Amino acid sequence: QNIHTMGIAGLYRQQHLIGVLISIFIGDPPKLPDDTLALFKGLADQAAISIINARLFEQVQKGRERQKALTIRLVEIQ
């Protein structure tokens with residue numbers, strides 16, 4: 001497949017691994033230039049932020065569902 005370089009970046013929240021970003025680079029050079037590494041790091045950082053935001057959104061949705069259920073139950077009790 002002419003793969004010469006593969007970049008693997010861990011996606012972290014604080015010190016916990018939440019995912020992995022893998023990029024495969026075809027052709028030369030076997031060593032990535034600094035600007036490509038910076039881009040790769042930026043992509044990894046943005047992916048980690050997106051994962052965290054998605055999890056936070058899910059927690060908010062679940063909280064709203066619990067609040068709604070409790071409100072309904074409170075009205076029933078009253």
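**Exercise 1. How much area does the protein chain expose, and what share of it do carbon and sulfur atoms supply?**

Before we start: this is a predicted model, where local features need pLDDT of at least 70, side-chain atom pairs count only at pLDDT 80 or more, and totals for chains, interfaces and linings use all residues. Residues are numbered from 1 along each chain as its sequence is written, and side-chain values use heavy atoms, with hydrogens and water left out.

*Solution.* The protein chain exposes about 6600 Å², by the Shrake-Rupley method with a 1.4 Å probe, where for residues only the protein chains shown count as cover. Carbon and sulfur atoms supply 58% of that area.

**Exercise 2. Describe the fold and the overall dimensions of the protein chain.**

*Solution.*
- Step 1: The chain has 1 helix and 2 strands, taken as DSSP runs numbered from the N terminus (helices H or I, at least four residues; strands E, at least two). Their order from the N terminus is β-β-α.
- Step 2: The C-alpha trace spans about 70 × 25 × 15 Å along its principal axes.
- Step 3: The radius of gyration is 21 Å, whereas a compact globule of 78 residues would have one near 12 Å. It is taken over C-alpha atoms, and the globule rule is 2.2 Å times the number of residues to the power 0.38.

**Exercise 3. Find the largest nonpolar core and the element that gives the most to it.**

*Solution.*
- Step 1: Buried residues make up 17% of the 78 residues (buried: under 20% relative accessible area, 1.4 Å probe, protein chains only).
- Step 2: A nonpolar core joins buried Ala, Val, Leu, Ile, Met, Phe, Trp, Tyr and Cys residues through side-chain atoms within 4.5 Å. The largest has 7 residues: Ala-9, Leu-11, Ile-18, Phe-40, Ala-44, Ala-48 and Ile-52.
- Step 3: β1 and α1 (34-77) each give two or more residues to this core, and α1 gives the most, with 4.
- Step 4: Beyond its neighbours within four places in sequence, Ile-52 is in contact (heavy atoms within 4.5 Å) with Arg-13 and Ile-18.

**Exercise 4. Locate Ile-22 and list what it touches.**

*Solution.*
- Step 1: Ile-22 sits in strand β2.
- Step 2: Leaving out residues up to four places away in sequence, Ile-22 touches Met-6, Gly-7 and Ile-8.
- Step 3: From Ile-22 to Asp-45 is 23 residues in sequence and 13 Å in space, C-alpha to C-alpha.

Notes:
Buried < 20%, exposed > 50% of the residue type's maximum accessible area, 1.4 Å probe, protein only.
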